[in-house]
Amino acid sequence: MTSPDEIILAGGKKLTVVGDTHGQFFDVLNLFQKFGFVSDEHVYLFNGDFVDRGSWSCEVAFYLFVLKILYPHSIFINRGNHETNDMNKTYGFTDECEHKYSQKVFEAFAESFGALPYAALINGSYLCMHGGLFSRDDVTLKEIKNFNRFPTSGSTQPPRDGIAMELLWTDPQPEVGRSQSKRGIGMQFGPDITERFCLNNKIRKVLRSHEVRMGGVEEEHNGRLITVFSAPNYCDSTGNLGGVVHFVENPKYNKATDQEDGYKTADDPNCPWSLQIETFDAVPHPDLKPMAYSKSGFGY
Ligand SMILES: [Mn+2]
């Protein structure tokens, strides 16, 4: 198997893209309550970083995996930079697993994270990954698709460079060109990089997560890039809204005038899909701080 998952929506199905949830289980339950449960008609894509920081990361991970077993064609889960051993050790998930269950349970999660795709392609036109685009201009959808996420070495940990690392780690910037990342890994890419990537690959937009946005969702890079973040009041302290992006069928779509394989603008009125942004507030949760089980001393 290779990356990415390809999601094709047909027959009036709805798709909801959810960004970082970071162990905020009560907010995850709330978002399903608010936006609708996973079903044959309602598909969800969780765009990585569902563990670490929040103190209910086990519950979020178990819940998403149970849904994947129950509705394998209606929920998709991308890997984020936090579905990795290094991050889990520092930001709480390893210690939470050991406190609630055992080291063996953490190891099983770590192995399962190695099977998550690095990206998903929606209807051939929207590429979703946790981090962002690349340090090279010539990366193609084909190259992403052909990347084997199951290395022959047997390691479940992502490579430290190349397109897989960049899919997990990079961030957009408002300035054109590229610059060094404040994170010490990956890099930042400007609107010109995003525009070129979309045109070269004949896609409409890039959807990514990985960074808090106070409004939950932010359209950037002249509409070519959308950041989706779904952990409201992140770490009980940021005061941000959570956001999601729904894909629904455009009732006014006219197939006869759509240039399916040609130039694709970010917001073509003739696009077969309408994107709808919705936001949600944080809900109350039991009295437990973020990273409550962490032994790393890095907590809040
Ligand atoms: Mn992230």
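Student: What makes strand β2 (residues 14-18) and strand β13 (residues 242-249) count as a pair?

Tutor: This is a predicted model, so the answer comes from its coordinates. Pairing takes at least two bridges by DSSP. β2 and β13 have 4 bridges, in the antiparallel sense. The criterion is met, so they pair. One position to look at is Val18, which stands opposite Val244 in β13.

Student: Which sheet holds these strands, and why is it called open, with β4 and β14 as its edge strands?

Tutor: The order is β4-β3-β2-β13-β14, 5 strands with mixed pairing. β4 (75-77) and β14 (273-280) each pair on one side only. That is what makes them edge strands. Neighbouring strands here are turned by 20° against each other on average, direction ignored.

Student: What shows that helix α1 lies across this sheet?

Tutor: Contacts do, with heavy atoms within 4.5 Å as the test. Helix α1 (residues 25-35) lies across β2, β3 (42-46), β13 and β14. It runs at about 130° to β14. Helix α2 (residues 57-70) also packs on the sheet, touching β3 and β4. Its direction makes about 135° with that of β4.

Student: What makes β6 and β10 a parallel pair?

Tutor: Again, at least two bridges are needed. Strand β6 (residues 126-129) is joined to strand β10 (residues 205-208) by 3 bridges, and the two run parallel. They therefore pass the test. Cys128 has Leu207 in β10 as its bridge partner.

Student: Where does that pair sit, and which strands are the edges of its sheet?

Tutor: The order is β1-β5-β6-β10-β12-β11. This is an open sheet of 6 strands with mixed pairing. The edges are β1 (5-7) and β11 (217-220), each pairing on one side only. The average turn between neighbouring strands of this sheet is 20°, direction ignored.

Student: Which helix packs on that sheet, and at what angle?

Tutor: Helix α8 (residues 191-201) does, touching β6, β10 and β12 (225-228). Its direction makes about 120° with that of β10.

Student: What makes a space in this structure a cavity, and how many are there of 30 Å³ or more?

Tutor: A 1.4 Å probe must fit there but be unable to get out. The structure holds 2 cavities of 30 Å³ or more. The largest has about 50 Å³ of space, and the second largest about 40 Å³.

Student: Which residues line the largest cavity, and which element gives the most to the lining?

Tutor: The lining is Leu133, Phe134, Arg136, Asp137, Val139, Arg178, Ile193, Arg196 and Phe197. α8 gives the most, with 3 residues. By class, 5 are nonpolar, 4 are charged and none is polar.

Student: What classes make up the lining of the second largest cavity?

Tutor: There are 5 nonpolar, 4 polar and 3 charged residues. Among the lining residues are Asp52, Arg53, Gly54, Tyr91, Phe93, Glu96 and Met291. Gly54 is polar here because Gly falls outside the listed nonpolar and charged residues.

Student: Why does the radius of gyration agree with that of a compact globule?

Tutor: With 300 residues, a compact globule would have a value near 19 Å. The chain has 18 Å, so the two agree. The C-alpha trace spans about 60 × 40 × 35 Å along its principal axes. In all, the chain has 8 helices and 14 strands.

Conventions:
Residues numbered from 1 in each chain as written. Predicted model: local features only at pLDDT ≥ 70, side-chain atom pairs only at ≥ 80, totals over all residues. Heavy atoms only, no water. Axes fitted to C-alpha atoms, helices over the stretch in contact; angles between N-to-C directions. 1 Å grid on protein atoms, 1.4 Å probe; cavity = no way out; pocket = protein on both sides within 12 Å on 5 of 7 lines; lining within 4 Å. Points joined across faces, edges and corners; volume = space filled by probe spheres on them. Rg over C-alpha atoms; globule rule 2.2 N^0.38 Å.
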